[in-house]
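Colleague: Could you take a close look at one part of this model for me, and explain slowly how the residues there are placed and what they touch?

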Amino acid sequence: CYSGFGVPRAADLVSRLSRPSFLERLLRGDMQTLGRHTLAANATSELTPEWSLGGLWLHSLSDGSGVAAPSVTYTVNDVTSVVVNVYAPYGARPAHGTLRSEFGAQGVSLFAQLRIYL
């Protein structure tokens, strides 16, 4: 995908945040990624009626960083399910207070969700 609102390089982000028009667009949610060129893939597969696996992959075409996000869903019954996601970013880490990649500054995280349908 292409975003004309994003920055061409991750290192440009700090200077762009000082521009009120850029900051307003970022806070308003106009940008889904901070960079301009991102490749994305999303897939889900039901293994059994109770278990399904999924995955999301975002990859910055500008700097080679990205995030892989596998997930597993367990359906307990007709009204309850549990979802667990892992977010595993990769890319160059910041150096001396400067971003060197779009996703490399993020840490690995785990997200668990209990869904109850009424």
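Modeller: Before we start, one definition is needed: helices and strands are DSSP runs, of at least four residues for a helix and at least two for a strand, and they are numbered from the N terminus. With that in mind, Gly54 can be placed in strand E2, and this residue will be a first stop on the way to strands E4 and E5.

Please remember throughout that this is a predicted model. The protein has a mean pLDDT of 86, with 89% of the residues scoring at least 70. Confidence is lowest in helix H1, residues 13-17, where the mean is 73, and highest in strand E4, residues 80-90, where it is 97.

As for the general layout, the secondary structure consists of two helices and five strands, and along the sequence these follow the pattern α-α-β-β-β-β-β. Of the 118 residues, 26% count as buried. Among the contacts with a separation of 6 or more, 40% are between residues 24 or more positions apart.

Returning to Gly54, its relative accessible area is 18%, and because buried means under 20%, this glycine counts as buried. Leaving aside neighbours within four places in sequence, Gly54 is in contact with Ala43, Thr44, Ala69, Pro70 and Ser71. Asn42, which lies 12 residues from Gly54 in sequence, is 7.5 Å from it in space, C-alpha to C-alpha.

Now to strand E4, where Ser81 has its place. Ser81 has a relative accessible area of 3%, so it is buried. Its side chain is joined to that of Tyr117 by a polar contact of 3.3 Å. If residues up to four places away in sequence are not counted, Ser81 touches Thr73, Tyr74, Thr75 and Val76, and it also touches Gln113, Leu114, Arg115 and Tyr117.

Val84 is also in strand E4, but its relative accessibility is 29%, so Val84 counts as partly exposed. Beyond its neighbours within four places in sequence, Val84 is in contact with Pro70, Ser71 and Val72, as well as with Leu110, Phe111 and Ala112. The C-alpha atoms of Val84 and Tyr74 are separated by 8.8 Å, and these two residues are 10 residues apart along the chain.

One of those partners, Phe111, is found in strand E5. Phe111 has a relative accessibility of 38%, and therefore counts as partly exposed. Although Phe111 and Val84 are 27 residues apart in sequence, their C-alpha atoms are 5.7 Å apart in space. Seen from Phe111, and again without residues up to four places away in sequence, the residues touched are Val83, Val84, Asn85 and Tyr87.

Leu114, which is touched by Ser81, is likewise found in strand E5. At 55% relative accessibility, Leu114 lies over the 50% limit and so counts as exposed. Leu114 also belongs to a nonpolar patch on the surface, together with Leu47, Trp51, Leu53, Tyr74, Val76, Val82, Ile116 and Leu118, and the patch has about 940 Å² of accessible area. The elements that give two or more residues to this patch are strand E2 (51-60), strand E3 (66-77) and strand E5 (109-116). For the protein as a whole, the accessible surface comes to about 7700 Å², and 60% of that belongs to carbon and sulfur atoms.

Definitions and conventions
Residues numbered from 1 in each chain as written. Predicted model: local features only at pLDDT ≥ 70, side-chain atom pairs only at ≥ 80, totals over all residues. Heavy atoms only, no water. pLDDT = per-residue confidence, 0-100. Patch = residues over 30% accessible without salt bridge, like charges linked within 9 Å, V, L, I, M, F, W, Y side chains within 5 Å. Areas by Shrake-Rupley, 256 points an atom, 1.4 Å probe, with all protein chains shown as cover. Salt bridge = Lys/Arg side-chain N within 4 Å of Asp/Glu carboxyl O. Buried < 20%, exposed > 50% of the residue type's maximum accessible area, 1.4 Å probe, protein only. Polar contact = N/O pair within 3.5 Å; in protein donor to acceptor, adjacent residues only side chain to side chain. Contact = heavy atoms within 4.5 Å.
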